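Reader: I'd like to walk through this one with you, feature by feature. Could you give me the general idea each time and then the case at hand?

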Amino acid sequence: MTDVLLPGTIVHPHGLAFLELGERLRQRGQFAAAAAVALAGLGHYPAVADAHDLLGRIRADQGDDAGAVSAWRAALECDPAHIGARKGLAFVAFRARDFPAAERNLEIAAMRAPHDATVLAALDRIRALRPSSIADETPRLADSMTGTLLYDLQGMRLTGGAGDEAAADTLAAEGAGLSRETARAARLLDLGEVRYLAIETPSAMIAMLPVTTETSLILHRPAATPIGRLLAQAEHAAQAARHWLEQMR
Amino acid sequence: MREVTGVPGVVGALIISSDDGLVVAESAMEDLVTANVAALSAALIARATRAAAAVNPSVPTTMQFVAERGAIFAVAGPAPLWLVAVARPDAELGRLRLLLRDFAGALG
């Protein structure tokens, strides 16, 4: 592949120079050539998330949104924390006017990279496009990207997610432990029924609340989410979860 | 700590060690068993830390546990210390949250 390197192309120490070359071709508008380079690179490095990300950007430039989404999902399978893939998925969703999906992907990106100015600016823009009310977020329990997870007290995930399957299963397991601990604390301190537990970290706001005696729900949102809004969304999601459980029965 | 317990509805304020769940300092009403609060708060903090780690790599700075008849607020100070307040549900939770944050910062 060295005979097609453009002037100034940096040869990657691990043989990933095709990433630079493909990006340069893409920026020049030579999408077919860029795609050929990206696909050839992926043939050698199928587990490199950046290569799938490159292909996603090329497909998006070609107007092939389905191809772009497929490439970015492949990138996330290689690296669930890949910011570029999240931004890409948000871009395609935005182009399709699916603003909630765009926002969710940007929120996940913001949690992974809380100081990324491009992500935060995009998140601001997308939020400015819709009314800012607590009821505007329709709970989508079946969507693993929503940052809403319903689990049982054995730590089994029922629906929803935390970005990727493995993280969701881990969160369900840890969430069950947290739910049991809140029930124990409430019982031993004679505090009555558990209403919620909220956790603030430098990069996320998390709320856990019981849905039924056997199930609980966890919401996680970017750190910029006001706690009142987080709790309102959690209550809204809990109602949706009760409805979902009734339908399952 | 007396300033924290001065917030209407707050029945106790403690500095605890989250490592072992022991009380380091306290100001509380007589009927509040602060040793129990400290131990259970430390257990909640440990569980909250593990749950937060499943979402992202950062550690909790604040934990707010609200139940039917009371609430526990905990704010991280210099490790392993946490400032914990026990409040009735009708307490001014927003004011308490801000006050605890200020005091936790001053613990260092």
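Reader: Let's start with one residue: which residues does Phe73(B) touch, leaving out those up to four places away in sequence?

Author: The general idea first: nonpolar side chains in soluble globular proteins tend to be buried together. In this predicted model, Phe73(B) touches Gln64(B), Val84(B), Ala85(B), Ala87(B), Leu96(B), Arg97(B) and Leu100(B), once residues up to four places off in sequence are set aside.

Reader: And which residues have the most contacts inside the largest nonpolar core?

Author: Phe73(B) is one of them, along with Val84(B) and Ala85(B) from chain B, and Ile206(A), Ala207(A), Leu217(A) and Ala234(A) from chain A. That core holds 106 residues. Its largest share, eleven residues, is supplied by helix α2 (residues 34–55) of chain B.

Reader: On to the sheet. How do I read the strand order?

Author: Strands of a sheet pair through backbone hydrogen bonds, and they do so either parallel or antiparallel. Here you have an open sheet of ten strands with antiparallel pairing, in the order β2(A)-β1(A)-β5(A)-β4(A)-β3(A)-β3(B)-β4(B)-β5(B)-β1(B)-β2(B). At the edges sit β2 (157–160) of chain A and β2 (22–28) of chain B, each pairing on one side only. From one strand to the next, the twist averages 15 degrees.

Reader: What joins β3(A) to β3 of chain B?

Author: Six bridges, with β3(A) and β3(B) (residues 62–67) running antiparallel. To find the register, look for Val194(A), which stands opposite Ala67(B).

Reader: Which helices pack on this sheet, then?

Author: Take α2(B): it touches β3, β4 and β5 of chain A as well as β1 (10–17), β2, β3, β4 (70–76) and β5 (81–87) of chain B. The direction of α2(B) makes about 65 degrees with that of β1(B). Helix α9 (residues 227–248) of chain A lies across β1 (148–152), β2, β3, β4 (204–210) and β5 (215–222) of chain A, at about 140 degrees to β5(A).

Reader: What does β3(A) pair with inside its own chain, and is it covered or open?

Author: β3(A) pairs with β4(A) in the antiparallel sense, over five bridges. The two form a hairpin with two residues between them, and Leu197(A) stands opposite Met208(A) in β4(A). As for cover, seven of the eight residues of β3(A) are buried.

Reader: How many residues does each chain put into the contact?

Author: A common general yardstick is the accessible area lost when the parts come together. Counting residues instead, chain B gives 26 and chain A gives 32. On the side of chain B that touches chain A, α2 and β3 are the elements giving two or more residues. The most comes from α2(B), with twelve residues.

Reader: Can you sketch chain A for me: how many helices and strands are there?

Author: Nine helices and five strands. Reading from the N terminus, the elements go α-α-α-α-α-α-α-β-β-α-β-β-β-α. Of the 249 residues of chain A, 46% count as buried. Among contacts in chain A with a separation of 6 or more, 44% link residues 24 or more positions apart.

Reader: Pick one of those helices. Why does the length of α5(A) agree with a helix?

Author: Because at 1.5 Å a residue, the 13 residues of α5(A) (83–95) should span 18 Å, and the end C-alpha atoms are 18 Å apart. Among the buried residues of α5(A) are Leu89(A), Phe91(A) and Val92(A), but also Arg86(A) and Lys87(A). The buried residues of α5(A) pack against α3 (49–61), α4 (65–78), α6 (99–112) and α7 of chain A. Just after this helix, Arg97(A) takes a positive phi of about 65 degrees.

Reader: Last one: where is confidence lowest and highest among the elements of chain A?

Author: The general rule: where pLDDT is low, don't read the predicted coordinates in detail. In chain A, helix α7 (residues 117–128) has the lowest mean, 80, while strand β3 (residues 194–201) has the highest, 95. Over residues 1–11 of chain A the pLDDT is below 50, and this stretch has 13 contacts in the model beyond near neighbours in sequence. Residues 132–136 of chain A also stay under 50. The mean is 84 for chain A and 90 for chain B. For the complex, the predictor gives an ipTM of 0.92 and a pTM of 0.65.

Notes
Residues numbered from 1 in each chain as written. Chains lettered and ligands numbered in written order. Predicted model: local features only at pLDDT ≥ 70, side-chain atom pairs only at ≥ 80, totals over all residues. pLDDT = per-residue confidence, 0-100. Helix = DSSP H or I, 4+ residues; strand = E, 2+ residues; numbered from the N terminus. Contact = placed C-beta atoms within 7 Å. Expected span 1.5 Å × (residues − 1). Buried ≥ 20, exposed ≤ 12 C-beta atoms within 10 Å, placed from the backbone. Core = buried A, V, L, I, M, F, W, Y, C linked by C-beta atoms within 7 Å. Pairing = 2+ DSSP bridges. Axes fitted to C-alpha atoms, helices over the stretch in contact; angles between N-to-C directions.
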